[in-house]
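Visitor: I should like to learn how to read a structural model feature by feature. Please take me through this one.

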Amino acid sequence: MNLENQTHTVGDIDVLVIGGGIAATFAAIKAKEEGAKRVVQVDKGTVGKTGNSCFAAGVIHVSFPEDDLDDRVLRLTRAQGYLARQDLIRDHLQDSYTILEEMRRYGVRLVMNADGSYWRMAGRGAYPIVSFFSTQLMDALRTYAQSAGVEQINRLCLTELLTRNGEVSGAVGFHQRSGDFYVLRSRATVLATGGTYYKGIHPGHRDCSGDGFGMAYRIGATLSGGEQNDQPANAMPARVDVGPGMNKWMGEGAYFLNGKGERFMVRYSPKLKERSGLPQITAFFCIEVRQGRAPIYMDARHFGPEQMERLYKQLPLPMREFESVGVIKDGKFQKQVEFCSTGPTTRPGIVVDRGYASRTPRLFAAGECCPPSAVVTGLAAAATSGARAGVSAARCARDAGDVREDEGQVAEYRERTFAPLARSEGPEPEQVLLELQEAVIPYDVLLLRDGARMERSLKRVETIRDQDLSRIGAYDLHYLRLCHEVKNLTLTAELTLQAAIRRTETRNILREDYPFTDNVNWLKWIMVRKEGSQQRWWTEDIPIEKYPCQPKREVELAYLWRVARDQGNVSVKDGRIQWESEK
Amino acid sequence: MGIRKIDLSLCIGCNVCVDVCPMDVIRMDAASKKAYIKYLRDCQSCCLCEVECPEDAIRVTALPERIIVAAW
């Protein structure tokens, strides 16, 4: 089949943007505004209808001019367990209000008060949020990008980055309808392909498969570990396919109940309760489940007509999904909804500087393609990082002439891209995906950690890598995309587990065999890159002395474990956690 | 479940559902010029096809079609 597929070459691109979400679309718009002549945005789905952004739960965390900027930096830094790049976090917060205004200028509808000011409501966290109208946001941005002259190519699944003497010079991939092979030559390239949930229980996000991590890693870009995130997992309805909305449901006053009917978040987090940050919600879910108090339910049956009306307006997709299975009927929540953690969202992002340039020349990254320490989860940070990456990429493109790749690269990549089609007798990508999900999604692997358990999971992932990926087969172009997604997910899982095993402490994510937060030895980032065929791991010290927010330099029982201990769930014995239910 | 039925008497073959599906589930039948569900197990119940269909020809039921590995 691959021999018949034509090759299309798209040359003379100033800025190539890979991805179709908010980070990518802002990068494309800003590159154009910065003067880049030819900007091409490519997505494996359809720009604006892909990844996380178009299903984002109706909220944007923006720092308003009247907010206390220092306090917001401190809160985001704490949410990262002090692993944050505080300079980038501050840049993001400072840019976020301007970006919000720009969204309005681009045609995004936001919820406003009668006097023309922004309507802000409580969400998770200490600062009120801004609301928008679901898919209208990405529809508006996509249309604006087109009108600004951004060329968009949909259904083009990019598989590898091209390089010339170590500098990125474009990308290649296949079109999912025609099967044609595309060679895109660009002076600067922005990766904005998002993070991943391993295609777990997170409707609207199953096309996020860590493609950018894979493409960047394979050309030797430096990634930052993958063991951390300000949102180590999300929480979603467990037995029905209903997309994100927790921020809103909790903001409107929904409760979490455990299997005994107890509103447990009140015990663990008396101040913010269900509106706590996701590291807390994730950890306390895990502790409740580990102590035998599953399942966990969300109760929103007390919502009145006003609350429901807001939810229908701002979360039409999840509300429609709830209606389709009878959870919502006659405009009211009729049942409690079982909730569960999603797959882990810790991600081995591409290390960037303040201009979102990677350590590989001519390669930029934005949104969840960057490490959590640089770009926090959520639309606002995706947008601000995308905007900065787009500007930097346009400037980078100015000083480059004609771009080419190393001799023989296109032929090699073409063969690698289509290889699964030539072996349709090989293992099915779905079967391999299931094995991978079983290795990484169960909560006691990456959300409630233990070295020995993670080592066992890593062995499963390595077996997939060594045995299955070289044989994986595709019946057609749809399955060919799945094969490439599974390959990138396997690498993401491997890097995540390797980094998580190396971080011998509890910092935002529970680790049973290392329950202490070590601010003496572990104020470090875990780094990785491919050198030849080897994986090279190292750590880099966080320049904490240069940052405004600093923790006490001591080793202490992690806050999450302290709360669990004070509630009578665990004790510490011989340096590890002992569960009270097992004494 | 997920997307399981497209009402062919309503479908006008406009291709909107094919274009918006993030998971590449829906395709257009060349002969009948109507949409059909090709990769039903990949449906993630996101409802984009249902809300964007101009003829209201699609119903999505938000029950997972595929085997799902959950955290517990």
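**Reading sheets, helices and contacts**

Guide: An open sheet of 4 strands in chain A has the order 11-16-13-12, with antiparallel pairing. Helices (H or I, at least four residues) and strands (E, at least two) are DSSP runs, numbered from the N terminus, and two strands pair if DSSP finds at least two bridges between them. At the edges are strand 11 (235–237) and strand 12 (255–257) of chain A, each of which pairs on one side only. From one strand to the next, the twist averages 40 degrees; such angles run from 0 to 180 degrees between N-to-C directions, and axes are lines fitted to C-alpha atoms, for helices over the stretch in contact.

Visitor: What kind of model is this, and how are its parts numbered?

Guide: This is a predicted model, in which local features need pLDDT of at least 70 and side-chain atom pairs count only at pLDDT 80 or more, while totals for chains, interfaces and linings use all residues. Residues are numbered from 1 along each chain as its sequence is written, and chains are lettered from A and ligands numbered from 1 in the order in which they are written.

Visitor: Which residues stand as bridge partners in the sheet that contains strand 13 of chain A?

Guide: In a regular strand the side chains alternate between the two faces of the sheet. Here, strand 13 (residues 296–299) and strand 16 (residues 337–341) of chain A run antiparallel and are joined by 3 bridges; A:Tyr297 has A:Glu338 of strand 16 as its bridge partner. Strand 12 of chain A is also joined to strand 13 of chain A by 3 bridges, again antiparallel, and A:Tyr255 has A:Asp299 as its partner. Just before strand 13, a cis peptide bond joins A:Ala294 and A:Pro295, with omega about -5 degrees; A:Pro295 is placed in the loop between helix 8 (278–290) and strand 13 of chain A.

Visitor: What is the strand order of the other open sheet, and which helix lies across its strands?

Guide: Its 4 strands follow the order 17-10-22-23 in chain A, with antiparallel pairing. Strand 17 (349–350) and strand 23 (534–541) of chain A are the edge strands, each pairing on one side only. Strand 22 (residues 524–531) of chain A is joined to strand 23 of chain A by 8 bridges, and A:Trp525 stands opposite A:Glu540 in strand 23. Helix 16 (residues 477–502) of chain A lies across strand 10 (223–224), strand 22 and strand 23 of chain A, at about 140 degrees to strand 22.

Visitor: How is the packing of helix 13 of chain A against helix 16 of chain A to be described?

Guide: One reads the approach, the angle and the residues in turn. The axes of helix 13 (residues 429–440) and helix 16 of chain A come within 9 Å and cross at roughly 20 degrees. Helix 13 of chain A is therefore roughly parallel to helix 16 of chain A; angles under 35 degrees count as roughly parallel, over 145 as roughly antiparallel, 65 to 115 as roughly perpendicular and the rest as oblique. Two residues are in contact if their C-beta atoms, placed from the backbone, lie within 7 Å. The contact includes A:Leu433 and A:Leu436 of helix 13 of chain A, and A:Val486 and A:Leu489 of helix 16 of chain A. By class, the contact residues divide into 12 nonpolar, 1 polar and 1 charged; Ala, Val, Leu, Ile, Met, Phe, Trp, Tyr, Cys and Pro count as nonpolar, Asp, Glu, Lys and Arg as charged, and the others, Gly among them, as polar.

Visitor: Where does chain A touch chain B, and with how many residues?

Guide: In chain A, 36 residues are in contact with 24 residues of chain B. Helix 10 (316–324), strand 16, helix 13 and helix 16 of chain A each supply at least two residues of that side, and helix 10 gives the most, with 5 residues. The side of chain A that touches chain B divides into 17 nonpolar, 11 polar and 8 charged residues.

Visitor: Which residue of the hairpin of strand 25 and strand 26 of chain A takes a positive phi?

Guide: In that hairpin, which has 2 residues between the strands, A:Asp574 takes a positive phi near 50 degrees. Strand 25 (residues 570–573) and strand 26 (residues 576–579) of chain A run antiparallel with 4 bridges, and A:Lys573 has A:Arg576 as its bridge partner.
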